[in-house]
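Student: Could we go through this structure together? I should like to begin with the parts and then see how they meet.

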Amino acid sequence: MPTYRDQAIVLRTHKLAEADRIITVLARERGKIRVVAKGVRRTKSRFGARLEPGMIVDLQCYEGRNLDTVTQAESIASYGDQIARDYRAYTSLATVLETADRLTEERAPALQQYLLLQGALAALAGCTHDASLVLDAYLLRALAIGGYAPSFFDCAQCGDPGPQLAFNVSSGGSVCPSCRRPGSVAPNRATLDLLGALLVGDWDIADASLPQHRREGNGITAAYVQWHLERGLRSLPHVEREPHVEKLPLATGFTT
Amino acid sequence: MYEGVVQDLIDELGQLPGIGPKSAQRIAFHLLQADGADVQRLITALAEVKEKVAFCTMCGNIAQATLCRICADPRRDGQAICVVEEPKDVVAIERTGEFRGRYHVLGGAISPMDGIGPEQLRVAELMSRLASGEVVEIILATDPNIEGEATAAYLARQLKPFGLRVTRLASGLPVGGDLEYADEVTLGRAFEGRRLIDA
């Protein structure tokens with residue numbers, strides 16, 4: 001039976017039968033593939049922990065008629081396990097993985113998407129930047145690789161040099177006064193600069209941005225992603241954008 | 001394709017989880033050949049399970065009354081609550097005989113990709129159980145996978161202001177296994193959770 005090896009990032013898992021799982025991975029050379037991992041839900045599984053979402057593995061599979069089957073999995077990076085310990089980063093991870101799943105086709109190599117995803121996971125696990133900024137940077141760049149690069153400076157319709165004041169999701173980004181259509185918004189210039197910085201990976205500007213511009217940028221990015229993916233991301237409403245603020249429990253009679 | 005009711009039975013059995021068309025056919029023919037009394041017992045059990053079984057209003061476990069047998073048992077320790085994902089997990093922990101407290105069944109784990117957030121789980125019910133002030137320890141026994149870990153991290157954060165002792169079930173090497181076959185994640189957690197041995 002023909003076997004192959006590839007590096008892969010686990011995107012999601014589905015339960016199968018008694019103790020198996022179907023694992024959707026984005027493989028470096030083969031693109032998105034769905035493989036069967038037998039017995040991984042058992043506590044004694046040799047590679048169950050390695051095939052969790054967000055893990056990067058060196059995978060060996062044998063080809064089947066419909067789905068391939070995993071025979072070996074070695075860890076390259078256990079990002080998923082590290083990220084899951086921080087709930088806020090975990091909610092961003094879920095959206096990152098769902099987007100990667102939606103933007104890639106089965107068995108169509110997508111090396112750029114793979115490398116981008118790998119970088120996003122490393123940034124989320126390493127807490128090098130705010131999780132919400134990492135998510136927005138990933139979403140904008142993943143869409144750009146997919147052919148939906150937004151413009152945050154020049155007019156996305158006619159190319160009129162910026163900076164432009166209005167932004168229209170369906171037009172592909174910033175728009176000049178003559179291309180401005182109903183439904184356009186006029187975000188703060190600093191917000192568009194932040195999004196432009198996230199798109200090109202200028203982290204000095206992104207890290208120095210103010211909370212109100214980040215919030216506005218979150219909304220624009222979410223609207224842009226939902227528009228271009230046509231179907232909403234299920235995980236996006238669950239993303240915890242703001243850092244958690246501890247509140248005293250009202251149920252026990254404490255007062256705030 | 002079979003005639004009428006036989007095919008209907010095969011179709012219905014095929015709707016059950018883990019039962020494919022071949023298995024459905026095998027079970028249907030087993031039932032056809034089985035003793036009438038045996039089949040009647042199965043029919044009664046199926047009808048009763050839908051009629052009598054509900055969920056415990058306190059913990060969310062399977063119950064035949066308002067409270068499940070664990071919540072209704074006054075001998076159980078009300079100071080400790082073990083939080084699990086599914087009623088099946090309650091059975092698994094009860095089999096160990098190590099825990100004498102009560103349970104709280106969340107009804108799943110936080111999984112944003114499946115559209116499941118904290119609001120879809122019985123988290124608010126857990127918080128309201130803490131209002132009495134009786135509980136001193138919460139044991140987070142969600143599955144040791146990424147969704148379970150994230151759910152535990154979320155609950156630990158929500159429970160922090162209550163000032164309770166919040167613990168997480170240990171992860172590590174399975175009894176009877178070989179160290180060389182352990183994966184890095186499991187072995188790493190085993191190291192994290194290592195304990196002192198009194199000589």
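Tutor: We shall take chain A, then the contact between the chains, and then a crossover in chain B.
Tutor: Please note that this is a predicted model, in which local features need pLDDT of at least 70, side-chain atom pairs count only at pLDDT 80 or more, and totals for chains, interfaces and linings use all residues. Residues are numbered from 1 along each chain as its sequence is written, chains are lettered from A and ligands numbered from 1 in the order in which they are written, and side-chain values use heavy atoms, with hydrogens and water left out.

Student: How many helices and strands are in chain A?
Tutor: Chain A has seven helices and seven strands. These are DSSP runs numbered from the N terminus: H or I over at least four residues for a helix, E over at least two for a strand. From the N terminus, the order is β-β-β-β-β-α-α-α-α-β-β-α-α-α.

Student: Which way do β4(A) and β5(A) run, parallel or antiparallel?
Tutor: Strand β4 (residues 56-62) and β5(A) run antiparallel and are joined by seven bridges; two strands pair if DSSP finds at least two bridges between them. Ile56(A) stands opposite Ala77(A) of β5(A). The two strands form a hairpin, with five residues between them.

Student: And what about β3(A) and β5(A)?
Tutor: Strand β3 (residues 31-37) of chain A pairs with β5 (residues 68-77) in the parallel sense, over two bridges. Here Val36(A) has Thr69(A) as its bridge partner.

Student: Changing topic, how many residues does each chain give to the contact?
Tutor: Chain B gives 37 residues and chain A gives 36 residues, where contact means heavy atoms within 4.5 Å. Together they bury about 3000 Å², 59% of it on carbon and sulfur atoms. Buried area is the accessible area (1.4 Å probe) that two parts lose on being put together, summed over both.

Student: How many salt bridges are there across the interface?
Tutor: There are five salt bridges between chain B and chain A, each a side-chain nitrogen of Lys or Arg within 4 Å of a carboxyl oxygen of Asp or Glu. One of them joins Arg157(B) and Glu240(A) at 2.6 Å, N to O.

Student: Which elements of chain B give two or more residues to that side?
Tutor: They are α7 (146-159) and α8 (184-192) of chain B. The largest share, eight residues, comes from α7(B).

Student: Where does α7(B) sit along the chain?
Tutor: The chain crosses from β5(B) through α7(B) to β6(B), a right-handed β-α-β crossover. Right-handed means that, with the strands pointing away from the viewer, the path from the first strand over the helix to the second runs clockwise. Four bridges join the parallel strands β5 (residues 137-140) and β6 (residues 165-168) of chain B.
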